[in-house]
2 protein chains.
Amino acid sequence: MTDVAARAKVSLKTVSRVVNNAPHVQPELVERVLAAVAELGFRRNLLASSLRSGQTTATIGLLIEEIANPFYATIAGTAAEIARQHDTMLIIASSEEDPGRERQLLRDMCARRVDGLLVVPAGDDHSFLRAEVELGTPMVFLDRPAGGLLADTVLLDNRGGALAGVRRLVEAGHRRIGILLDSIGVYTMRERLDGAQDALAPAGVPYDTRLVRDGVRDPAAAARAVAEMLERPDPPTAFFSLNNRITLGVIEELHRRGSDAALLGFDDFDMARLSPYPLTVIAYDTRELARAAAELLFRRIGGDRSWPRTIVLPTELVTRGVPPR
Amino acid sequence: MTDVAARAKVSLKTVSRVVNNAPHVQPELVERVLAAVAELGFRRNLLASSLRSGQTTATIGLLIEEIANPFYATIAGTAAEIARQHDTMLIIASSEEDPGRERQLLRDMCARRVDGLLVVPAGDDHSFLRAEVELGTPMVFLDRPAGGLLADTVLLDNRGGALAGVRRLVEAGHRRIGILLDSIGVYTMRERLDGAQDALAPAGVPYDTRLVRDGVRDPAAAARAVAEMLERPDPPTAFFSLNNRITLGVIEELHRRGSDAALLGFDDFDMARLSPYPLTVIAYDTRELARAAAELLFRRIGGDRSWPRTIVLPTELVTRGVPPR
DNA sequence: TATGGCTTGGACAACGTTGTCACAATAGCG
DNA sequence: CGCTATTGTGACAACGTTGTCCAAGCCATA
């Protein structure tokens, strides 16, 4: 900037004024400065700028589990879009469900002085963020609640959605329902399982733990679990898969076997409509989830100091798929 | 930091040494400093740190077209993973195919002094980045080449893939092939179309522009285009869809009509295997594309000043899908 | 004992920017 | 004509950190 000033034969401050579009600079000087900027290829250093002016870096952090997963990709896309509306850049990092890594990444983002944080929690203790919150960094948790920290949160109605879906299965007469889940350690899985139990109990359907498979991490594992259950003496007549990765594997296996078991899946997905096997899904609006969280965050960044809020978004039961022949 | 120094009764510099794990500090003093850091909730300001120390911000920028698209989400995930291996954060932004926005976002990233840039170009003139390149910011372009700028580039063999795929259709006896593409303005689409022509010409199959539809932006448009073409007096016996969004719509329409047209699609996708309609896809390894680009970028950041390189990754013809009955 | 090296701590400036303040030049007023 | 506003410009310090340099203390060696 000093070089630009010298070249344009003005003071440092005038250059600063020009690059910040500040008023009260003669048009002629503006010309000279802009010419010098162009000639020297000067580019403002935003690091120094936000260091000096203090408050804002025009950056927010987004912490998710895994970027490549379409659910999180949708969240990231929506967050980026809303960030852009506020002329803000987005730093994205994946925790890969590792609390230690989550902690390190969040600390790093804070050290970079992000204006706010959007977090899909991996761990269950976020008290280490308390100092940061008190220091004034706004943060909003989404999809899962923070642990040990009172903070803004946007959730889905996991329990209600599972309740409605499983109730439909029960009402259709199913009494042996195979349930497949990723990991009981994850909040959303626990909620969905609870919702299923909420539907089974009042209908007098026993909750048979032999029909519940934890640790189903990918489509192949889901297919194997389905195969095993179907080979039991009294196989399930319906399956409830607790996320879309699992649903994929279940569809494949049921289709392969020409089974006529009913299928209920949590999470809708793009290609559900192309499924060769009929299925009902518990759908929700991922974009809305991200939008609600991001907009709340920017309200906080804008100075909203009201009491932390929890928003729960509804789910919807959708029947999809091509009927089997 | 001054407060921490006061509290620990040491000098500012000693605190700096401790938080940077620098050697030559008495263990007792380290204790005192860390205690003060904890009590005061001190957190290093990385902005100031990289401002002072000059060179590195431990941040790279990734510019893509649209985060929520699985192709770009995969790229982002891979880039984030490799960035993490280098203890680097990732700033992601979407250009939404808008050259003006691309320019603004890249400028902004440069102003934030990213250590390097990973760019899927939207525009066709990137000469505005020349100053930045000369200033020493490494950048690698992927999926599409940069315009008016000699730079590292990682591409797919779009033309070769399309050639191989269409050749297979021609060899199977197809002479009327409907081709659907997003936008002729996009580099990859042009290359794929050229590849198709490369296969048609030597086989003596005329290139009938009435069988080529540009501007097919979403599955619904693809379905409509297929419907129209099939209602012509001499309908195509095969379709070549130039990206996976289009392929989805084509599958749906062909399946709905019970058509027996052959289908070739550029881009593989997760659920291709579940397609109710048989299809052949031109597949490639998106992760490999991103990995090659990111690793090249970090080699540049690490000081590799060799001549800019262009890497072209191969594609593969894969037959997928459930045969129609 | 003198000399030199090594370890440890501290003073100071600098990174690139902007806020504060002061001053100069011009215009408007009585 | 002198006075105050108003506008345009610049000197300077400060943001939070770290590199450079120096000094003091200690030990080992000559």
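**Close-up views of the chain A–chain B interface and of DNA strand D**

**Figure 1. The interface of chain B and chain A in the predicted model.** Chain B and chain A bury an area of about 4,600 Å² between them, and carbon and sulfur atoms give 64% of this area. On the side of chain B, the residues that lose the most area to chain A are Arg43(B), Met89(B) and Arg112(B), which together make up 17% of what that side buries. In terms of contacts, 48 residues of chain B meet 48 residues of chain A.

**Figure 2. Salt bridges and polar contacts between chain B and chain A.** Two salt bridges are found across the interface of chain B and chain A. One of them joins the side chains of Glu132(B) and Arg43(A), with an N to O distance of 2.5 Å. Polar contacts across this interface link 15 residue pairs, counting pairs in which both residues are at pLDDT 80 or more. On the side of chain B that touches chain A, two or more residues come from each of α4, α5 (70-85), β2 (89-94), α6 (99-111), α7 (130-134) and α11 (244-257) of chain B. Of these elements, α6(B) gives the most, with seven residues. Sorted by class, this side of chain B holds 28 nonpolar, eight polar and 12 charged residues.

**Figure 3. Pairing of strand β2 of chain A with β2(B).** Strand β2 (residues 89-94) of chain A and β2(B) run antiparallel and are joined by three bridges. Within this pairing, Leu90(A) stands opposite Ile92(B).

**Figure 4. The protein surface near DNA strand D.** There are 23 residues around DNA strand D, and those that come nearest are Thr14(A), Arg17(A), Leu29(A), Lys13(B) and Arg52(B). Of the atoms of DNA strand D that come within 4 Å of the protein, 61% belong to sugar and phosphate. The surface near the strand comprises eight nonpolar, eight polar and seven charged residues.

**Figure 5. Polar contacts of Arg17(A), Asn45(B) and Arg52(B) with DNA strand D.** An N or O atom in the side chain of Arg17(A) lies 2.7 Å from a base nitrogen of DNA strand D. A base oxygen of the strand is 2.5 Å from a polar side-chain atom of Arg52(B). Asn45(B), by contrast, uses a backbone N or O atom, which is 2.9 Å from a phosphate oxygen of DNA strand D. The elements that contribute two or more residues to the surface near this strand are α2 (12-19) and α4 (46-53) of chain A, together with α2 (12-19) and α4 (46-53) of chain B.

Definitions and conventions
Residues are numbered from 1 along each chain as its sequence is written. Chains are lettered from A and ligands numbered from 1 in the order in which they are written. This is a predicted model: local features need pLDDT of at least 70, side-chain atom pairs count only at pLDDT 80 or more; totals for chains, interfaces and linings use all residues. Side-chain values use heavy atoms; hydrogens and water are left out. A residue is near a molecule or strand if one of its heavy atoms lies within 4 Å of it. A polar contact is a pair of N or O atoms within 3.5 Å; within protein, one must be able to donate a hydrogen and the other to accept it, and residues adjacent in sequence count only if both atoms are side-chain atoms. Helices (H or I, at least four residues) and strands (E, at least two) are DSSP runs, numbered from the N terminus. Ala, Val, Leu, Ile, Met, Phe, Trp, Tyr, Cys and Pro count as nonpolar, Asp, Glu, Lys and Arg as charged, and the others, Gly among them, as polar. Contact means heavy atoms within 4.5 Å. Buried area is the accessible area (1.4 Å probe) that two parts lose on being put together, summed over both. A salt bridge is a side-chain nitrogen of Lys or Arg within 4 Å of a carboxyl oxygen of Asp or Glu. Two strands pair if DSSP finds at least two bridges between them.
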